Amino acid sequence: MSIVSQSQGATPPTPLASDLCWLLGRASQLLNGEFTRALEASGISPRQHSVLATAMDAEHTQTDLARLVGLDKTTMMVTLDELERDGLAERRPLPSDRRARVVAVTPEGRRAVADAEEILDRVRDQVLGLLPLEQRESFLQSLGCLACSANVGSACAGPLRAVDAVAD
């Protein structure tokens with residue numbers, strides 16, 4: 001069943017309602033399933049889309065791209081092998097350091113990203129439609145902050161509880 005077809009009033013089990021790890025993990029699992037199903041016809045996976053879309057943004061080495069997207073070295077290599085096999089990306093020597101490889105998106109890869117973006121925009125709109133309109137932008141900004149913070153581990157090292165955070 002699609003998460004966008006589930007009730008807006010759905011709530012987590014009481015013991016997990018404030019478990020940030022469970023909430024984020026469950027949301028990620030469900031959204032990844034939605035995106036994977038939606039992208040099936042396009043021929044690329046959400047992971048491949050993330051790599052291609054990020055590679056189009058600027059000239060990134062394989063290592064930088066893996067760090068930006070959040071993939072380990074092995075998964076990045078497998079993903080790039082798939083993208084090269086399908087003619088969507090190429091690894092090229094970095095002019096300033098011939099040992100390093102830059103990931104270049106081919107014209108076919110750019111078309112695949114554009115097609116995927118249309119599909120993913122529809123799914124994103126459906127998923128975010130489960131939230132009240134006035135909460136959507138704040139939700140995305142907050143989630144982006146958590147997802148990209150290099151200090152999450154150190155910020156969470158202390159005994160901070162949800163009620164302490166509200167009181168501050």
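In this predicted model, T79 touches R47, Q48, V51 and L71, leaving out residues up to four places away in sequence. One of these partners shows nicely how folding brings separate parts of a chain together: T79 and R47 are 32 residues apart along the chain, yet their C-alpha atoms are separated by 7.7 Å. T79 itself lies in helix α4, which spans residues 73-85. Is this threonine buried or exposed? Its relative accessibility is 0%, and because buried means under 20%, T79 counts as buried.

The contacts of T79 belong to a meeting of two helices. Helix α2 covers residues 46-57, and its axis comes within 10 Å of the axis of α4, with a crossing angle of roughly 85°. Angles of 65 to 115 degrees count as roughly perpendicular, and α2 and α4 are therefore described as roughly perpendicular to each other. On the α2 side, the residues involved are R47, Q48, V51 and L52, and they meet T75, M76, T79, L80, E82 and L83 of α4. By character, the residues of this contact divide into five nonpolar, three polar and two charged. L83 offers a second view of the contact: setting aside neighbours within four places in sequence, L83 is in contact with Q48, V51 and L52, and also with L88 and A89.

Some of these residues reappear in the interior of the model. In soluble globular proteins, nonpolar side chains tend to be buried together. Here, the largest nonpolar core has 23 residues, and V51, L52, M76 and L83 touch the most other members. Which elements build this core? At least two residues each are supplied by α1 (20-39), α2, α3 (62-69), α4, β2 (97-105) and α5 (107-128). Helix α5 gives the largest share, with seven residues.

The strands come next. Strand β1, residues 89-94, pairs with β2 in the antiparallel sense over six bridges, and the two strands form a hairpin with two residues between them. Individual pairs can be followed across this hairpin: L94 stands opposite D97 in β2, while R92 stands opposite V102 in β2. A89, already mentioned as a contact of L83, falls in the residue range of β1.

Stepping back to the whole chain, how many helices and strands are there? The chain holds eight helices and two strands, and along the sequence they follow the pattern α-α-α-α-β-β-α-α-α-α. Of the 168 residues in the chain, 24% are buried, and T79 is among the buried ones. Among contacts with a separation of 6 or more, 51% are between residues 24 or more positions apart. The T79 and R47 pair, 32 residues apart along the chain, is a handy example to look for in the structure.

Definitions and conventions:
Residues are numbered from 1 along each chain as its sequence is written. This is a predicted model: local features need pLDDT of at least 70, side-chain atom pairs count only at pLDDT 80 or more; totals for chains, interfaces and linings use all residues. Side-chain values use heavy atoms; hydrogens and water are left out. Helices (H or I, at least four residues) and strands (E, at least two) are DSSP runs, numbered from the N terminus. Buried means under 20% relative accessible area, exposed over 50%, partly exposed in between (1.4 Å probe, protein chains only). Contact means heavy atoms within 4.5 Å. Axes are lines fitted to C-alpha atoms, for helices over the stretch in contact, and angles run from 0 to 180 degrees between N-to-C directions. Angles under 35 degrees count as roughly parallel, over 145 as roughly antiparallel, 65 to 115 as roughly perpendicular and the rest as oblique. Ala, Val, Leu, Ile, Met, Phe, Trp, Tyr, Cys and Pro count as nonpolar, Asp, Glu, Lys and Arg as charged, and the others, Gly among them, as polar. A nonpolar core is a set of buried Ala, Val, Leu, Ile, Met, Phe, Trp, Tyr and Cys residues joined through side-chain atoms within 4.5 Å. Two strands pair if DSSP finds at least two bridges between them.
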